[in-house]
Amino acid sequence: MTHRTSLSRRGFLAGAAALSGAAFLPKVVAAGPQFELTAMRAQAQLLAPPRLATPVWSYGGGLPGPVLRFKQGDRLSLRARNDLDRPTSIHWHGLRVPNAMDGVAHLTQPPIGPGEDFLYEFDLPDAGTYWYHPHMGGAEQVGRGLTGALIVEEETPIRVDRDLVWMLQDWRLEPSGEIVPGFDSPHDAMHGGRIGNHVTLNGQPMPRIEIAPNERLRIRIINAATARIFALDFGPLAPTVVALDGQPVAPHAPEGGVVLIGPGMRADIVLDASGGAGAAVPVRDLFRPDGAYDLATLAHGDTPLRANAPDWDMALAPNPLPEPNLTAATRHEVVFNGGMMGQMMMGDEAPAMTEQMRQGRMWFVNGRASDGHDGPPLIEAKRGSTQLIAMENRTGWWHPIHLHGHVFRVISRDGKPTMHREWRDTVLMAPEERVEIAFRANNPGDWMLHCHVLAHQSAGMAALIRVADAA
Ligand code: C2O
Ligand code: CU
């Protein structure tokens, strides 16, 4: 095992030195042997002082949790400790890990009880931007703050001046700063999930981020909100998307100029500070046209770093992902139903689904509400086979659909081939949209497929995919 301590430290200090108020950077932790991560209660200053700090749940006491940085090919070895008064687990979102390391309580491991610990150990074959969070009582545990970034650096990273992580979180706060309880509200579950009233970037409301004119940034944006979708606008600055869900994609300008990112999803962008000396550029979330707001300010300093924006190559080397073989794919039709107004779209299966709704299960995958652990698998795949899932969102709501243990290609949307055939682990479906994804089922085990609006997940929007040698 290689020790990255000095490397990551240096990277962190260099980044910190370039900022005047470096407080908005989460703590960076190096990969090292016997590393520990403890889920615990903590306080975080989510509202501007003099208002009180908010009691949160955190990894290691900070908010968000530490950025875990590794090199591609490293092995992660981490002891998770639970200092909370209820059981938890850690899921490594987007990482292709062995099934027993996937962190889904009751499916791939027993819950980590209060005072207990669990050793997570696995290789990191893919570079990119990932994140970790509990996979147990998700709406509450993630909603109270348990989340952190996991970055796997490329062998040869693209050249930038600074590499930043932006972790986005959404909070529903009382005026006092306390988190509003009631994470299982049926109203939230039937609608768009628990949308908050307070957004933070790296735990801070509306940070002011100092940049130098013509500086080049790589920004790893992670949507750790339990329900909120972001459509980020950078005003006169022109972001280039270079990776989606950690996976390299042909560098391109985001569609419509905004970076659309649903819960669980990530986007790596390259951003040149082209606003001119002294320019303060707001980063805006335009997802709700009636409720646009500023998320952060990019404050250009007076002294340019160079005369012009750099022309360095932005293309990342691909990860060693197994290519789906579409000519030999097994095709599955998967229909998502439910939610408020959902009855109108249920067709023949309406009576069965209405009965489940009476029992508090509000979202359905092929007519069945599930926690993803119970009952028969939605799909049984032979190891090594290609699976094509034609998904149809027969609801009036957006859903970010996440697959565990694998990375898939997004093949088409509403019957039209996608421009980039992007690799993803979470795909955002608009109301009534149809999306086809394909992947090589090469990782044996029971894996969840679920909506990452966590209140939808716990109200039934989950299913199981079984990959086995003899399917
Ligand atoms: Cu990020 Cu099943 O979760
Ligand atoms: Cu959903």
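Buried, as used below, means under 20% relative accessible area, whereas exposed means over 50% and partly exposed lies in between, with a 1.4 Å probe and protein chains only. The model is predicted, so that local features need pLDDT of at least 70 and side-chain atom pairs count only at pLDDT 80 or more, while totals for chains, interfaces and linings use all residues. Residues are numbered from 1 along each chain as its sequence is written, and side-chain values use heavy atoms, with hydrogens and water left out.

**Exercise 1.** Identify the protein donors of the copper ion (ligand 2) and place H399 and H456 in the chain.

Solution. Take as donors the N, O and S atoms within 2.8 Å of the metal (3.2 Å for Na, K and Ca), bearing in mind that sites may look incomplete, since water is not among the atoms. This gives H399 through ND1, C451 through SG and H456 through ND1, at 2.0 to 2.1 Å from the copper ion. Along the chain their spacing reads H-x51-C-x4-H. H399 belongs to strand β25 (residues 399-403) and H456 to helix α5 (residues 454-458), so that the pair, 57 residues apart, links distant parts of the chain; helices (H or I, at least four residues) and strands (E, at least two) are DSSP runs, numbered from the N terminus. Finally, H399 and H456 are both buried.

**Exercise 2.** Find the ring faces over which R159 and R194 lie.

Solution. Require NZ of Lys or CZ of Arg within 6 Å of the ring centre and within 35 degrees of the ring normal. R159 then lies over the face of W312, 3.9 Å from the ring centre, and R194 over that of F183, also at 3.9 Å.

Methods
Chains are lettered from A and ligands numbered from 1 in the order in which they are written.
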